[in-house]
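Biologist: Please take a close look at one part of this model, the surroundings of the ligand, and describe them in a connected way.

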Amino acid sequence: MIASSAAIATLSWQGRLRVERDVEAVAAVVAETLHRGLERRAVLGLATGRTMEPVYGALRSRLMALPQQQRRSLLQGWRSFNLDEYVGLGPSQPCSFAAFMQQQLGIPLQLEPGCLQVPDGLALRPDEEAQRYAAAVSAAGGIELQLLGLGSNGHVGFNEPPCTPDAPCRSVELSQATRLQNACAFGGDPQAVPPRAITLGLREILGARELMLVVTGAAKAQILRRSLLEPPCSEVPASWLQAHSGLQVVVDQAAAAGLVLS
Ligand code: GLP
């Protein structure tokens with residue numbers, strides 16, 4: 001279903017934007033895309049955050065419904081790289097993205113260790129780890145299908161504004177806005193959110209063959225509008241995605257509210 005054909009036609013979004021009724025419908029669409037990616041042995045780029053929880057729930061349900069043999073052979077070919085990780089957190093810490101991925105996918109799907117690659121937040125030299133991680137992505141042939149959420153300040157991964165489209169995989173300082181947004185995973189205290197992270201850069205993200213930006217909820221409507229409908233700029237890192245010919249955007253009606261031109 002399309003929110004506003006006028007808006008979409010004017011801005012060349014036809015075919016690139018999918019507006020679904022609600023979070024569950026969004027999750028079903030994205031999970032199907034990930035399932036198809038697994039079937040063709042694509043290297044997946046995965047994301048964390050609340051937006052992805054229903055997506056991974058729907059993916060788990062789809063995969064668990066498969067006959068065991070079929071599921072096993074599908075999961076044996078799993079190769080994914082996550083976007084980011086907090087500096088100072090590792091898999092044994094529940095707030096790390098490595099732990100999130102294990103909870104969401106690794107443990108329930110019994111994935112082999114090493115299937116779900118995440119930057120090593122415990123590395124003593126985060127910038128060297130970022131270089132190693134970028135090299136591992138490159139050695140895998142790059143990312144074929146990159147899943148992306150949207151930060152409330154327009155970040156993708158942890159590419160905080162301002163950010164140019166050539167920014168590489170690196171360690172970054174997190175903005176106050178991001179630490180506030182992510183505080184819910186740290187007992188509600190923004191100061192408990194690590195101040196730094198390692199993130200794939202826009203360079204690697206834009207190098208993926210397909211991008212799937214997933215945005216839900218009314219709170220993201222305005223930043224989604226700026227990301228998709230305003231000229232690309234460093235102040236809204238997600239706006240650089242517009243130029244990618246393989247971009248698909250999947251949103252719910254609440255997030256799409258700002259895309260309707262009256
Ligand atoms: C986090 C992650 C992003 C994620 C975004 C949205 O900080 N680094 O990769 O997509 O912010 O999070 P949420 O889905 O919880 O709104």
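**The ligand and its pocket**

Modeller: By class, the shell around the ligand is made up of 3 nonpolar, 8 polar and 3 charged residues; please keep in mind that the model is a predicted one. In total, 14 residues surround the ligand, and the closest are Arg-50, Thr-51, Asp-84, Asn-182 and Lys-220. Of these closest residues, Asn-182 can be described in further detail, since a polar atom in the side chain of Asn-182 lies 2.8 Å from an oxygen atom of the ligand. Two other side chains also place an N or O atom beside the ligand: for His-155 the distance to an oxygen atom of the ligand is 3.1 Å, and for Gln-181 the distance to an oxygen atom of the ligand is 3.2 Å. As for the cover that the ligand receives, the ligand taken alone exposes 390 Å², and the protein buries 97% of that area.

Turning to the space itself, the ligand sits in the largest pocket, which holds about 560 Å³ of space. The lining of this pocket has 28 residues, and those closest to the centre of the pocket are Thr-48, Gly-49, Arg-50, Phe-97 and Asn-182. Arg-50 and Asn-182 are thus named both among the residues closest to the ligand and among the residues closest to the pocket centre. With regard to secondary structure, the elements that contribute two or more residues to the lining of the largest pocket are strand 4 (84-86) and helix 5 (97-106). By class, the residues of the lining divide into 13 nonpolar, 11 polar and 4 charged, while the shell around the ligand has, as said above, 3 nonpolar, 8 polar and 3 charged residues.

Two backbone details may be added for anyone who inspects the model further. Pro-161 and Pro-162 are joined by a cis peptide bond, with omega at about -5 degrees, and Pro-162 is found in the loop between strand 6 (145-148) and strand 7 (170-173). Arg-41, although not a glycine, has a positive phi of about 60 degrees, and its place is in the loop between helix 2 (23-39) and strand 2 (44-46).

Definitions and conventions: Residues numbered from 1 in each chain as written. Predicted model: local features only at pLDDT ≥ 70, side-chain atom pairs only at ≥ 80, totals over all residues. Heavy atoms only, no water. Near = heavy atom within 4 Å. Polar contact = N/O pair within 3.5 Å; in protein donor to acceptor, adjacent residues only side chain to side chain. Areas by Shrake-Rupley, 256 points an atom, 1.4 Å probe, with all protein chains shown as cover. 1 Å grid on protein atoms, 1.4 Å probe; cavity = no way out; pocket = protein on both sides within 12 Å on 5 of 7 lines; lining within 4 Å. Sits in = over half its atoms within 2 Å of the grid points. Nonpolar A, V, L, I, M, F, W, Y, C, P; charged D, E, K, R; others polar. Points joined across faces, edges and corners; volume = space filled by probe spheres on them. Helix = DSSP H or I, 4+ residues; strand = E, 2+ residues; numbered from the N terminus.
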